[in-house]
Amino acid sequence: MINIFQPSLGSDELNEIKKVFDSNWIGKGNYVLDFEKKFSHLLNKNSDNFISTNSCTEAIFLASEIFDFNKKDEILVPSINFIAIPNAIISKGAKPIFTDVDSRSLNVRAIDLEKKISKNTKAIFINHYGGVPCEMDEIIDLCKEKNILLIEDSACAPLSFYKGIACGTMGDMGMWSFDAMKIISTGDGGMIYFKSKDDIIKAKEQLYFGLPPKSKSGLDSSNNNKSGWWEIEVNRPGRRAIMNNISGAIGLKQLEKINSFISRRKQIYDLYNEELSKLEWLKTPPDISSHSTSSYYFYWIQTNRRDELAIYLKENGIYTTFRYWPLHKVNFFKSNHIDLPNADQASRLTLNLPIHQDLSNNDLDKIVDLIKKFN
Ligand SMILES: *Cc1c(COP(=O)(O)O)cnc(C)c1O
């Protein structure tokens with residue numbers, strides 16, 4: 001079976017893990033701190049605004065705590081989005097308000113958001129679909145005008161830039177994922193950006209027992225208090241959601257390759273575009289704006305024969321899927337009555353094709369040939 005996504009891990013990462021083992025400190029340490037620095041520098045940002053964690057989902061739940069989502073709050077969420085976002089909002093008693101998206105790019109637009117803003121709107125939780133940046137100028141203006149927090153789920157958009165600014169760093173908070181299926185993987189892992197220094201301090205506390213950052217706590221053997229190093233102070237009821245050096249070491253090696261991973265993904269994306277745009281019965285993705293760069297996380301086509309095509313490809317050894325099932329259609333979120341025509345249409349027509357850096361040219365030829373022969 002040709003996978004739709006898969007990680008590229010090998011001897012470089014294994015050698016780096018061995019160094020961590022040999023160091024005898026597999027917990028959070030210099031490998032993680034280095035990973036945070038290198039990641040933020042690739043985004044042209046100061047590492048002081050970044051903190052790693054053990055998954056992007058953790059970061060999404062953290063948003064609802066740091067920004068204190070509560071009962072009276074409405075949080076706008078484009079319906080084509082990741083399940084953890086409404087989960088996090090509901091867990092704090094706040095209300096997710098699902099919005100429509102552009103039917104072709106599957107990205108949310110300012111006009112979709114504007115329709116759902118009320119006096120209770122506290123935050124907007126956007127997603128850069130498949131690594132292609134949303135049109136941010138209008139969204140940023142809207143948030144400023146209405147005094148609404150902007151949170152960017154950039155799980156799939158590492159090194160995606162909008163007018164030269166990295167996705168995930170244009171609003172109040174952003175987050176990235178390094179899980180098993182993302183462009184770079186640390187096994188599991190996530191990264192968080194906060195615009196405000198106060199928020200980053202709160203986040204660090206929340207992700208590590210509520211202990212003040214850099215406190216020489218009883219949990220830190222580098223504590224150089226002469227005595228009483230077991231004494232602690234706690235600022236908030238935090239938990240433990242930090243990255244360890246094994247993940248950090250894998251991440252450092254993956255960061256060395258991220259640009260080549262993205263170039264290979266672009267080649268695949270371009271080849272699909274070139275070959276498949278000749279077919280009348282399907283649509284290829286809309287052009288990426290000249291002021292944006294993508295991480296090329298997804299490639300998708302749209303056809304009213306989507307279901308048949310997915311089964312045919314699966315029977316021929318190619319796994320495809322649709323991301324993300326519209327949240328307003330999930331019964332648990334009790335939003336079935338709302339009408340989001342573009343999201344509905346996208347969920348009927350869209351099929352995500354295999355795209356990852358280890359896809360061979362033979363694999364690609366096979367996929368393209370099968371799609372061309374489909375009738
Ligand atoms: C994968 C993904 C996440 C969650 O990332 P984890 O690290 O697996 O928790 C969040 N948002 C989007 C858009 C994703 O694709």
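A residue counts as near the ligand if one of its heavy atoms lies within 4 Å of it. By that rule 14 residues surround the ligand, and T57, D153, S177, D179 and K182 come nearest. The model is predicted: local features need pLDDT of at least 70, side-chain atom pairs count only at pLDDT 80 or more, and totals for chains, interfaces and linings use all residues. Residues are numbered from 1 along each chain as its sequence is written, and side-chain values use heavy atoms, with hydrogens and water left out.

The shell around the ligand holds six nonpolar, five polar and three charged residues. Here Ala, Val, Leu, Ile, Met, Phe, Trp, Tyr, Cys and Pro are nonpolar, Asp, Glu, Lys and Arg are charged, and the others, Gly among them, are polar. Helix α3, residues 56–66, gives the most to this shell, with three residues.

Some N or O atoms of the protein lie within 3.5 Å of the ligand, the cut-off for a polar contact. A side-chain N or O atom of D179 is 2.6 Å from a ligand oxygen. For a polar side-chain atom of S177 the distance to a ligand oxygen is 2.7 Å, and for a polar backbone atom of C56 it is 2.9 Å. Of the 380 Å² of accessible area that the ligand has on its own (Shrake-Rupley method, 1.4 Å probe), the protein covers 92%.

The chain as a whole has eleven helices and twelve strands, taken as DSSP runs of H or I with at least four residues and of E with at least two. Of its 375 residues, 55% are buried, meaning under 20% relative accessible area with a 1.4 Å probe and protein chains only.

Conventions:
Polar contact = N/O pair within 3.5 Å; in protein donor to acceptor, adjacent residues only side chain to side chain. Buried < 20%, exposed > 50% of the residue type's maximum accessible area, 1.4 Å probe, protein only.
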